[in-house]
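Visitor: I'd like a close look at one part of this protein, with some background on how far I can trust the model. Could you walk me through it?

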Amino acid sequence: MSGSLQQMRMAAEERVRRGVAWWTGELHAMLPWQGRTDPARAPVVLDYGGSTATLVLAGRGGGEPRRVEIDAGRPGESRAAVQAALRAAGQGRDVVLRLAPALLLEADISLPPAAGRAMRPILTNQLERLVPLPAADVDFEYRVAPGRGAERSLDVHLTIVRKATVAEALGLARALGLDPQAII
């Protein structure tokens with residue numbers, strides 16, 4: 001008798017564990033992505049590749065994400081499918097734009113340690129030397145490599161994108177009825 005009671009108790013504990021895991025997954029999915037640390041893990045991401053795009057909706061409770069393929073040249077044809085997917089997933093219009101690596105230029109530069117106080121203006125002045133585009137036509141972000149003790153230079157990694165590319169991605173998102181919150 002005690003063996004079957006033990007099995008029933010273990011089965012009940014397992015059901016409670018699974019129920020709690022499901023509920024915390026649902027609560028996590030309801031959190032606004034802005035409150036999370038990594039925008040790349042937002043519940044709704046629009047992957048933009050120039051002529052094509054894909055809307056990626058995170059799966060509830062860690063399930064497989066849903067993807068909606070979009071012809072970037074004809075957003076009107078995809079708008080209804082995008083809106084239906086958002087409703088089915090219980091998501092709002094907020095989206096994170098993720099640009100394809102092929103649309104980005106990357107460069108590395110070493111600067112003196114004193115450059116850390118005015119990094120952005122210094123990098124803006126260096127852009128035309130680094131990329132084959134006028135500095136006025138591009139946007140950039142940078143990351144300074146972690147220090148290695150007594151350094152004589154700062155190693156900086158630049159990610160550069162044409163302003164026109166950003167405008168195209170934002171325009172596509174808005175044409176699809178989305179509200180872009182960040183670009184990564």
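Visitor: In which helix of the protein chain is confidence lowest, and in which is it highest? After that, please take me through the second largest pocket.

Guide: Keep in mind that this is a predicted model. Confidence bottoms out in helix α1, residues 2-30, with a mean pLDDT of 72, and peaks in helix α4, residues 163-175, at 90. The protein chain as a whole averages 80, and 82% of its residues score at least 70. One stretch to watch is residues 33-37, where the pLDDT is below 50; the model still gives this stretch 14 contacts beyond near neighbours in sequence. Where pLDDT is low, the predicted coordinates should not be read in detail.

As for the overall layout, the protein chain has 4 helices and 8 strands, running α-β-β-β-α-β-β-α-β-β-α-β along the sequence. Of its 184 residues, 31% count as buried.

Now for the pocket. The second largest one has a volume of about 310 Å³. It is lined by 14 residues, and those closest to its centre are F140, E141, T159, V161 and I183. Two elements each give two or more residues to this lining: β6 (138-144) and β7 (154-162). Strand β6 supplies the largest share, with 5 residues. As for chemistry, the lining of the second largest pocket splits into 9 nonpolar, 2 polar and 3 charged residues.

Terms used:
Residues are numbered from 1 along each chain as its sequence is written. This is a predicted model: local features need pLDDT of at least 70, side-chain atom pairs count only at pLDDT 80 or more; totals for chains, interfaces and linings use all residues. Side-chain values use heavy atoms; hydrogens and water are left out. On a 1 Å grid over the protein atoms alone, a cavity is a set of points where a 1.4 Å probe fits but cannot get out, and a pocket is an open set with protein on both sides within 12 Å along at least five of seven lines; lining residues have an atom within 4 Å of a point. Grid points are joined across faces, edges and corners, and a volume is the space filled by probe spheres set on the points. Ala, Val, Leu, Ile, Met, Phe, Trp, Tyr, Cys and Pro count as nonpolar, Asp, Glu, Lys and Arg as charged, and the others, Gly among them, as polar. pLDDT is the predictor's confidence in each residue, from 0 to 100. Contact means heavy atoms within 4.5 Å. Buried means under 20% relative accessible area, exposed over 50%, partly exposed in between (1.4 Å probe, protein chains only).
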